[in-house]
Amino acid sequence: GRVASPHDWVSAAVVATRDAIPSAYERSGFSYSAEKSELRPGDHVYAWKLGYTYSHHGVVVRTENCRPSCKHDSLSCCSIVHFRPPEGDSPGRIELVSAEGFAAGRQVCRVRYGVNNAEFYLRRSGCCTTETTDPWPLATLRALSLLEPNSVGSAAAAGVVGGATGESNEAPVPSSAAQVEYDLLRKNSELLARWCELGDASGVHRFRSEETAPSLQTHPGRFVRLGLAVAGSAAAVGAAAAAAASVSAYAGATATASAAAATTATGEAAAAASSATAATAAVAEATAATAAVAETATAAAATTASTASAAMAATGEMITSAATSATAGSSAAWAHISSATSAFASEVLVAGSLAASTAGRALLEDAIKRPKRAVGLAREVVQTIPPAPIPGLQPQQPQQRSFEGQRRYAQEQDEAAVAALQGCLGHMGVSVPKALSPLLEDAVACCRLCEMLVDALEAIQPSVPAECAAIVQSF
């Protein structure tokens, strides 16, 4: 086959990154992923956002069996109550969303309650807690009591009437009762889900109020742990750097000692050579003195003294010269080593720059030859790393629904809220008298009924679903 082009390599890297990172994180055990078939009403779920930097939370209120090929993108398949963050001029809103819309391309995960302290501190904040959740019927009813489905529907209906009479045709606006001010740190989706599961233990008595409280992700203790983790990592890096510096210093000291030893050895060798030369000269002088002893003893003594002084001076000069030569040789050797190291580093930098520029030129040439492929690759990179801003910090403009879209959205919310309450009562085994059946067909009545049921259940504080069912049946 043909040789792979630079674009092919980049495309392979993008695909590998997109597929490997999420699956590796999910397989690491730091997240509790759950399939749609495993979800049950009352489950506290979350999905990672913005590259696994934070998680968005919600509570499952309805789930039905579906086909294996189902995309779980409808409220009839799975309904989740969540706190939608503000977008542009639109405030945050509590609404129902499908499993596919909630996950937004990520894996739906389930929060674990009642874990031990070791697991709680080892996991990411928001994934688990040591607290014990209330029975699932109470959690589901709390979530449904937060909805105001007909607030949009009523406005839409008013808009339809106004449009028919020619008075108004503006997009419907949620009522003030349906709006809860979103706060990224103290009134977010995680706090909503925790209130549904824990009630007062979440930090607020009623979520639809001005009460606020930090969630597990925004609790000050989490930032303290993060700071300690960063400080520990920095300390470990500093210790490693100090150890490397110590090793380098030791190696330098060893090299200096070796050079000094070499200089000393050179001096000793020069001294030995000088001594041997002096001894030879002394023997020669002694022979000459013996031959000339007949002439005069005084002259022989003077000649011997003069020769000894000359030999000592010559020896000193040779030792000094040898030491100087050894020092010069050592300096030259170190200079040669430094020069060679600098030259090697320069060659590496030049080679790296050439390689980078060559790869850049090859990628540019391939883009010129295959522009469609280059555009497709750029789009693939953008899809892999979507520019999703943190809610509340960098608001983005929402997609504006048409008037008909607003009306259809309100109708879907109403129908899903009614179906969720009917399904909850059915799962509990509660039979509804025929006289009250019409109430369960109206979305507003269903949500108000959920509020009353929550008050009744919290007053008695049941510990198991069977007790919840008995209290609701008697109510």
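**Cavity, pocket and salt bridges in the predicted model**

The largest cavity is lined by Pro 41, Val 61, Arg 62, Thr 63, Glu 64, Ala 420, Gly 423, Cys 424 and His 427. Two elements, β2 (54-63) and α10, each give two or more residues to this lining, and the largest share, four residues, comes from α10. Sorted by class, the lining of the largest cavity comprises four nonpolar, three polar and two charged residues. The space within this cavity amounts to about 40 Å³, and the structure, which is a predicted model, holds one cavity of 30 Å³ or more. Arg 62, which belongs to the cavity lining, also has a C-alpha atom 8.7 Å from that of Ala 416, although the two residues are 354 residues apart along the chain. Ala 416 is itself part of helix α10 and, because its relative accessible area is 4%, under the 20% limit, it counts as buried.

The second largest pocket contains about 300 Å³ of space. Its lining consists of 14 residues, of which Val 432, Leu 436, Leu 449, Val 472 and Phe 475 are the closest to the centre of the pocket. Helices α11 (443-460) and α12 (465-474) each supply at least two residues of this lining, with α11 giving the most, namely three residues. The composition of the lining of the second largest pocket is twelve nonpolar and two polar residues, with no charged residues. Val 432 and Leu 436, which are among the residues closest to the pocket centre, also form, together with Leu 439, a nonpolar surface patch of about 230 Å². Val 432 is located in the loop between α10 (403-428) and α11; its relative accessible area of 32% makes it partly exposed, and this value also lies over the 30% that patch residues require.

The structure holds 13 salt bridges. Side chains of opposite charge can pair when their charged atoms come close. One of these pairs links the side chains of Arg 448 and Glu 148, with an N to O distance of 3.1 Å. Since Arg 448 lies in helix α11 whereas Glu 148 lies in the loop between α4 (136-145) and α5 (149-165), the pair ties together parts that are 300 residues apart in sequence. The two partners differ in their accessibility class, Arg 448 being partly exposed at 32% relative accessibility and Glu 148 being buried at 13%. Arg 448 also forms a salt bridge with Glu 451, for which the closest N and O atoms are 3.5 Å apart; both of these residues lie in helix α11, three residues apart, or about one turn of the helix. Glu 451 has a relative accessibility of 28% and is therefore partly exposed. Elsewhere, salt bridges that share partners join Asp 134, Arg 142, Arg 206, Asp 455 and Glu 458 into one network. A further salt bridge is found between the side chains of Glu 119 and Arg 123, at 3.8 Å from N to O, in which Glu 119 is buried, with a relative accessible area of 15%, while Arg 123 is partly exposed at 23%.

A separate contact in space involves Gly 105, which is placed in the loop between α2 (99-103) and β5 (109-110). Gly 105 counts as exposed, because its relative accessibility is 73% and the limit for this class is over 50%. Between the C-alpha atoms of Gly 105 and Lys 49 the distance is 9.6 Å, with 56 residues separating the two in sequence.

Technical notes
Residues numbered from 1 in each chain as written. Predicted model: local features only at pLDDT ≥ 70, side-chain atom pairs only at ≥ 80, totals over all residues. Heavy atoms only, no water. 1 Å grid on protein atoms, 1.4 Å probe; cavity = no way out; pocket = protein on both sides within 12 Å on 5 of 7 lines; lining within 4 Å. Points joined across faces, edges and corners; volume = space filled by probe spheres on them. Nonpolar A, V, L, I, M, F, W, Y, C, P; charged D, E, K, R; others polar. Patch = residues over 30% accessible without salt bridge, like charges linked within 9 Å, V, L, I, M, F, W, Y side chains within 5 Å. Areas by Shrake-Rupley, 256 points an atom, 1.4 Å probe, with all protein chains shown as cover. Salt bridge = Lys/Arg side-chain N within 4 Å of Asp/Glu carboxyl O. Buried < 20%, exposed > 50% of the residue type's maximum accessible area, 1.4 Å probe, protein only.
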